[in-house]
Amino acid sequence: MKVPHIISLSLLVLFHACDSVVKQVPKKETIESLPQEAPKPKLLFGLTVDSSGVIVGKIKRNQTLSAILQNFGVSDAKIYAIAQTSKNIYDLRKLNIGKKYSIIHKMDSNKTVDYFIFEPDLKSFVVFSLGDSIYTRVYRKKIDVIERSIAAEIHSSLYETAIDIGAPPLLVSKLVDVLAWQVDFFRIQEGDKFKVIYEEESIEGKPIGIKQIKGVYFEHFDKIFYGIRYSVDQKEDYFDRDGNSLRKTFLRAPLNYRRISSRYSGRRYHPVQKRYKAHLGTDYAAATGTPIHSVGEGVVVEAKYGRYNGNYVKIKHSSTYSTQYLHMQKIKRGIRPGVQVEQGQTIGFVGSTGLATGPHLCFRFWKNNKQVDVLKVDLPPSDPINPKALNDFLHEKNRVIKKLEQLSFIVPQA
Ligand SMILES: [Zn+2]
């Protein structure tokens, strides 16, 4: 593997990098290798287990709680009772295959079960108490939030560089989301640089995810982009240094329509093909000849006739977003691949070419090369910061930019 041009991997708070892990691990091992030390009362899921046995397993295919408990000798009466207490608290059908469970039992000859604990996800656990009192309780684990940062010069791809410096893969997709409108991530080149300040969530010292990115710096060709997270009216968004939203908004709809005649759906009855199939678009019923507008600025990538789509146009708005307009009566003159279009520009006219029963526009919305429901996709308005909140934003912006600036670029010796 190529040595990455790591510029800096600076840590604002404790452990993450190799050296801090090295500092932490021996401590644990020291404790474990000193069995003569008087053991402290052991706590597991908040339960004292120093005089109990613990058996850990994973849910197998089609395995039910009662089947597991029967295996461990729990009586049918108790199984019935626990099923009663779990009603409205935890759906026992959600014991998903592969998820971890722990059985805490007495150290008697029967290994009498006191608790069955199920961990449906990283953030919670469910205690089924089978001892003297029978109950079901769902607990949330304590999540710690730690601010971290990374900074690097890209040596191959953004993704590879980020992984090489130990960034979680999810951080890359979040970074791309923040700057989706500013940077064409398909045209990243060696020498582009990025810095990210983000909040990592962890449970008992184990990272479980990324809460949010707080600030981004991105150097692409000779341009510098900033993304500062700020929430206005409880809506989070990313802004540039002047308080303008980084997201460019799309038109609400690509035409003046009469009604939405078919929504995006994983499964619908196709009126022409007479069978059920996915409908990955939104149909707007409108009169033949109604002008169709591009919902945002972009570049035409397709403009042609297809057997099913009829006359259609596809527009790429950014490396993240594309839109497609089907069944046109005709494509507007001059709309062909490579042509730049403005938001609201007419690109064609409503028709029923291709596989269509009547005049309508089938509008398809693509995010990261996947079709999504335009009526549901999260596209907050790109309003600038409200003047009332501007001072507060400027304060937060200065704080984040100062931190980003402190992440200095260090080029390692080759
Ligand atoms: Zn359609």
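In the predicted model, strand E5 (residues 113-119) and strand E6 (residues 124-130) run antiparallel and are joined by 4 bridges. Within this pairing, Phe116 has Phe128 of E6 as its bridge partner, and the connection from E5 to E6 is a hairpin that passes through 4 residues.

Strand E5 also pairs with strand E4, again in the antiparallel sense, and this pairing extends over 6 bridges. Here Lys100 is placed opposite Glu119 of E5. The two strands E4 and E5 likewise form a hairpin, with 6 residues lying between them, and in the turn Lys111 adopts a positive phi of about 50°.

Ahead of strand E4 (100-106), the loop that follows helix H3 (76-86) contains Lys94. This lysine, Lys94, is classed as exposed because its C-beta neighbours inside 10 Å number 11, where the class of exposed residues admits 12 or fewer. Although Lys94 and Thr64 are separated by 30 residues in sequence, the C-alpha to C-alpha distance between them is 9.2 Å.

For the protein chain as a whole, the secondary structure consists of 6 helices and 24 strands, and 29% of the 414 residues count as buried. When contacts between residues at least 6 apart in sequence are considered, 63% of them join residues that are at least 24 apart.

Notes:
Residues are numbered from 1 along each chain as its sequence is written. This is a predicted model: local features need pLDDT of at least 70, side-chain atom pairs count only at pLDDT 80 or more; totals for chains, interfaces and linings use all residues. A residue is buried if 20 or more other C-beta atoms lie within 10 Å of its own, exposed if 12 or fewer, and partly exposed in between; C-beta atoms are placed from the backbone. Two residues are in contact if their C-beta atoms, placed from the backbone, lie within 7 Å. Two strands pair if DSSP finds at least two bridges between them.
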